[in-house]
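Me: Please take a close look at one part of this model, the sheet and what packs on and around it. A single connected account would suit me better than a list.

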Amino acid sequence: MQRVINEMIRIGKKLGELRLVDGASGNMSCRVGDFMLITRSGSILDELTPQDFVYVKIGEFCEGISSDWKVHREIYEKTDYKAVLHCHGIYNVVLSLMQDVIVPKDLEGGIFLKKVRVVDGEFGSEEVAKAIADEIARNGIAIHRGHGIYSAGESVTEAFNKACYLEHSCEILYMLKMLER
């Protein structure tokens with residue numbers, strides 16, 4: 001368990017360094033059997049300590065858990081992924097307000113992501129949690145319109161890498177749009 005917490009703390013710092021989170025935005029979790037280790041509501045991901053995590057049975061709510069816990073629950077119930085990460089990079093949020101699908105033009109994005117759908121819905125609702133989980137089950141990554149990336153993987157590092165590929169692809173697409181003007 002300590003190894004998982006250490007990895008999540010390390011990835012939280014990297015999310016901050018890369019401006020993929022700001023303030024108390026974003027969250028992450030790891031599946032541990034029938035349980036998940038998830039960040040607390042209000043945790044600042046680039047300043048995580050072991051006290052910033054809640055260990056809870058998947059599907060159960062407990063006080064202090066991330067406000068995004070329903071999305072994590074749905075992903076774990078619909079997939080075999082071991083980790084879920086949510087972040088709010090600037091470029092993916094901007095493009096999600098303009099497009100329904102992100103199709104990377106860069107090599108890595110094209111190889112690792114192909115195309116990423118933008119999911120609509122009210123934050124915190126069961127409907128949006130299910131829609132994000134359905135897209136994660138299909139593609140391993142999704143964007144919630146105006147809200148940011150949800151990424152899943154065998155580890156939080158793998159989920160982080162996917163999120164980085166997507167934010168990089170979105171930055172390139174944004175720059176291309178600006179150059180086309």
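Reply: Helix H5 (residues 126–139) lies across S6, S7 and S8, and runs at about 150° to S7. This is a predicted model. Two of the strands under that helix, S7 (residues 141–144) and S8 (residues 148–153), run antiparallel and are joined by four bridges. His144 has Gly148 in S8 as its bridge partner.

These strands belong to an open sheet of eight, in the order S3-S2-S1-S4-S8-S7-S6-S5, with mixed pairing. The edges are S3 and strand S5 (101–102), each of which pairs on one side only. In general, strands of a sheet pair through backbone hydrogen bonds, either parallel or antiparallel. Helix H2 (residues 69–78) lies across S1, S2, strand S4 (83–87) and S8, and its direction is at about 35° to S1. S8 is thus named under both helices, H2 and H5.

Strand S2 deserves a closer look. Thr39 is found in this strand, and with a relative accessibility of 1% it counts as buried. Leaving out residues up to four places away in sequence, Thr39 touches Asn27, Met28, Leu45, Leu48, Asp52, Phe53, Ile65 and Ser66.

Aromatic rings come next; the model has four aromatic pairs. One of them is Phe35 with Tyr55, a stacked pair at 5.0 Å centre to centre with 10° between the planes. The pair links distant parts of the chain, since Phe35 is in strand S2 (residues 35–39) and Tyr55 is in strand S3 (residues 53–57), 20 residues apart. Phe35 counts as partly exposed because its relative accessibility is 30%, and Tyr55 is also partly exposed, at 42%. Another pair is Phe112 with Tyr165: the ring centres are 4.6 Å apart and the planes are at 5°, so this pair is stacked. Phe112 lies in helix H4 (residues 107–112) and Tyr165 in helix H6 (residues 156–180), so the pair ties together parts 53 residues apart in sequence. Tyr165 counts as partly exposed at 28% relative accessibility.

Back at Phe35, a charge is also placed against the ring: Lys57 lies over the face of Phe35, at 5.5 Å from the ring centre.

The helix that carries Tyr165, H6, has 25 residues and reaches 36 Å from its first C-alpha to its last, close to the 36 Å expected at 1.5 Å a residue. Its buried residues are Val156, Ala159, Phe160, Lys162, Ala163, Leu166, Glu167, Ser169, Cys170 and Leu173. Lys162 and Glu167 are therefore buried, which here means under 20% relative accessible area.

Two loop residues remain, both with positive phi. Most residues other than glycine have a negative phi. Arg19 has a phi near 60°, a positive value in a residue other than glycine. Arg19 is found in the loop between helix H1 (2–17) and strand S1 (27–32), and Arg19 is exposed, with a relative accessible area of 58%. Lys114 has a positive phi of about 65° although it is not a glycine. Lys114 is in the loop between H4 and strand S6 (116–119), and it is exposed at 54%.

Methods
Residues are numbered from 1 along each chain as its sequence is written. This is a predicted model: local features need pLDDT of at least 70, side-chain atom pairs count only at pLDDT 80 or more; totals for chains, interfaces and linings use all residues. Side-chain values use heavy atoms; hydrogens and water are left out. Rings of Phe, Tyr and Trp (its six-membered ring) pair if their centres lie within 6.5 Å; planes under 30 degrees apart count as stacked, over 60 as edge-to-face and the rest as tilted. Buried means under 20% relative accessible area, exposed over 50%, partly exposed in between (1.4 Å probe, protein chains only). A charge sits over a ring if NZ of Lys or CZ of Arg is within 6 Å of the ring centre and within 35 degrees of the ring normal. The expected span of a helix is 1.5 Å times one less than its number of residues. Contact means heavy atoms within 4.5 Å. Two strands pair if DSSP finds at least two bridges between them. Axes are lines fitted to C-alpha atoms, for helices over the stretch in contact, and angles run from 0 to 180 degrees between N-to-C directions.
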